[in-house]
Amino acid sequence: MTNSTVQRFSGPGATRIYHIPVRAFPHLVANVSIVIDGDYVALIDTGSGHPDSNVDLEAGMGAIRTTYGEPIDWQALSRVIITHGHIDHCGGLGSVRTRSAAPVAAHAFDLAAIRDHRAYLARQTETTATFLRWAGVEEAYVAQMSNLYGPAVQGPPGGEVATVLTDGDLLDERFRVIHTPGHCAGMICLRLGDVLFCADHILATTNPRLTPAHLEPHNGLAAYFAALDRVAIEPGIRLGLAGHEAPINDIYGRIAAIRAAHLSHLTQVQAACNTPRTILELAMQIYPTMQRPNQLFLALQAIAARVEYLEAQGILHAEAAVAGAHYWA
């Protein structure tokens, strides 16, 4: 199992919450949660489906039994909830289904990614290629970068989602659903009493990576800011449990810090566009150490989300287009 151990938290009333870190991929730890309220047991996210992730999830379930004395097993699950359709959070669903028949709940926007992530990525290949050309990536590198995440897919397809969620739903008379796109179109936070399961929307130390609307509709920085505002007006959140990193004891302070960081980044991009630049050129200037294809792809997404926002605000404009690549000033 990972170096971190299972953590227990108190929820409303007699509810117990267990936070299980799993090795989603060799250099990425994700968090899975178990919520126990009487006979009701919910699993929030499933890890990636990578063998190490599955081992850690199984070990976490065992620790909840042996360390904390909870008489649960896979058959005790009442519900599986997927916070969003990224592989490190939904890729293990197919494996979970072999052990539990609990119905799955997820947001409407992420159903395709959750049902069969490999097929979803295959359909996204051309969309990604179009985005890369728009960002200024040379054609020789477009094919390579369009398929970066195909090899990461693990395990069997997740299958059908029994309960399709939308913003404001009250799931199983317990979890209030808050739709929080920006990082992922179908991202949801779940409020349980004074605890917020904030997935990848708010992390303890890292500013979550944003997906530009040019790559995936319903995302982008404007959507993310609006979603931060949605959470910021929620009163009385005591604890945030995120999809990565440590628990968050001051969710409101963390929201303010993330917003300030994004505003600083927007100023940086605006200053860099004193002469027309492509998104690739901006990424190379602002993130000079992120040169490997997977790193560069993340940098392109971050810059594109900022450029989209500045364009919508009337601050930047597309000055020209050469072979599909846009130059911004």
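1. How many bridges join strand 8 to strand 9? The model is predicted, and in it two bridges make this link. Strand 9 covers residues 175–179, and the two strands run antiparallel. Leu 171 stands opposite Phe 175 in strand 9.

2. The pair belongs to an open sheet of five strands. Their order is 8-9-10-11-12, with mixed pairing. Strand 8 (170–171) and strand 12 (239–242) are the edge strands, each pairing on one side only.

3. Now the interior. The largest nonpolar core has 50 residues. Ile 202, Val 269, Ile 279, Leu 300 and Ile 303 have the most contacts inside this core. At least two core residues come from each of helix 5 (117–135), helix 6 (139–146), strand 11 (195–199), helix 7 (221–232), helix 8 (251–272), helix 9 (279–286) and helix 10 (293–312). Helix 10 gives the most, with 11 residues.

4. Ile 303 deserves a look. Leaving aside residues up to four places away in sequence, Ile 303 touches Val 269, Ile 279, Leu 282, Ala 283, Ile 286 and Tyr 287. Apart from the largest core lies another, of 31 residues. Tyr 18, Val 41, Leu 57 and Val 104 are among the residues of that other core.

5. Next, the second largest pocket. Its volume is about 240 Å³. There are 14 lining residues, and the closest to the pocket centre are Asn 207, Arg 209, Tyr 287, Ala 302 and Arg 306. Helix 8 and helix 10 are the elements that give two or more residues to this lining. The largest share, five residues, comes from helix 10. By class, the lining divides into nine nonpolar, three polar and two charged residues. Tyr 287 thus appears twice: it lies among the residues closest to the pocket centre, and Ile 303 touches it.

6. Last, enclosed space. The count comes to one cavity of 30 Å³ or more. The largest cavity holds about 60 Å³ of space. Its lining consists of His 19, Asn 31, Ser 33, Ile 44, Asp 45, Thr 83, Phe 197, Cys 198, Ala 199, Leu 241, Ala 242 and Gly 243. Strand 3 (28–37), strand 11 and strand 12 are the elements that give two or more residues to this lining. Strand 11 gives the most, with three. Six lining residues are nonpolar, five are polar and one is charged.

7. A link between these points is strand 11. This strand has a place in the five-strand sheet, supplies at least two residues of the largest core, and gives the most to the cavity lining.

Technical notes:
Residues are numbered from 1 along each chain as its sequence is written. This is a predicted model: local features need pLDDT of at least 70, side-chain atom pairs count only at pLDDT 80 or more; totals for chains, interfaces and linings use all residues. Side-chain values use heavy atoms; hydrogens and water are left out. A nonpolar core is a set of buried Ala, Val, Leu, Ile, Met, Phe, Trp, Tyr and Cys residues joined through side-chain atoms within 4.5 Å. Buried means under 20% relative accessible area, exposed over 50%, partly exposed in between (1.4 Å probe, protein chains only). Helices (H or I, at least four residues) and strands (E, at least two) are DSSP runs, numbered from the N terminus. Contact means heavy atoms within 4.5 Å. On a 1 Å grid over the protein atoms alone, a cavity is a set of points where a 1.4 Å probe fits but cannot get out, and a pocket is an open set with protein on both sides within 12 Å along at least five of seven lines; lining residues have an atom within 4 Å of a point. Grid points are joined across faces, edges and corners, and a volume is the space filled by probe spheres set on the points. Ala, Val, Leu, Ile, Met, Phe, Trp, Tyr, Cys and Pro count as nonpolar, Asp, Glu, Lys and Arg as charged, and the others, Gly among them, as polar. Two strands pair if DSSP finds at least two bridges between them.
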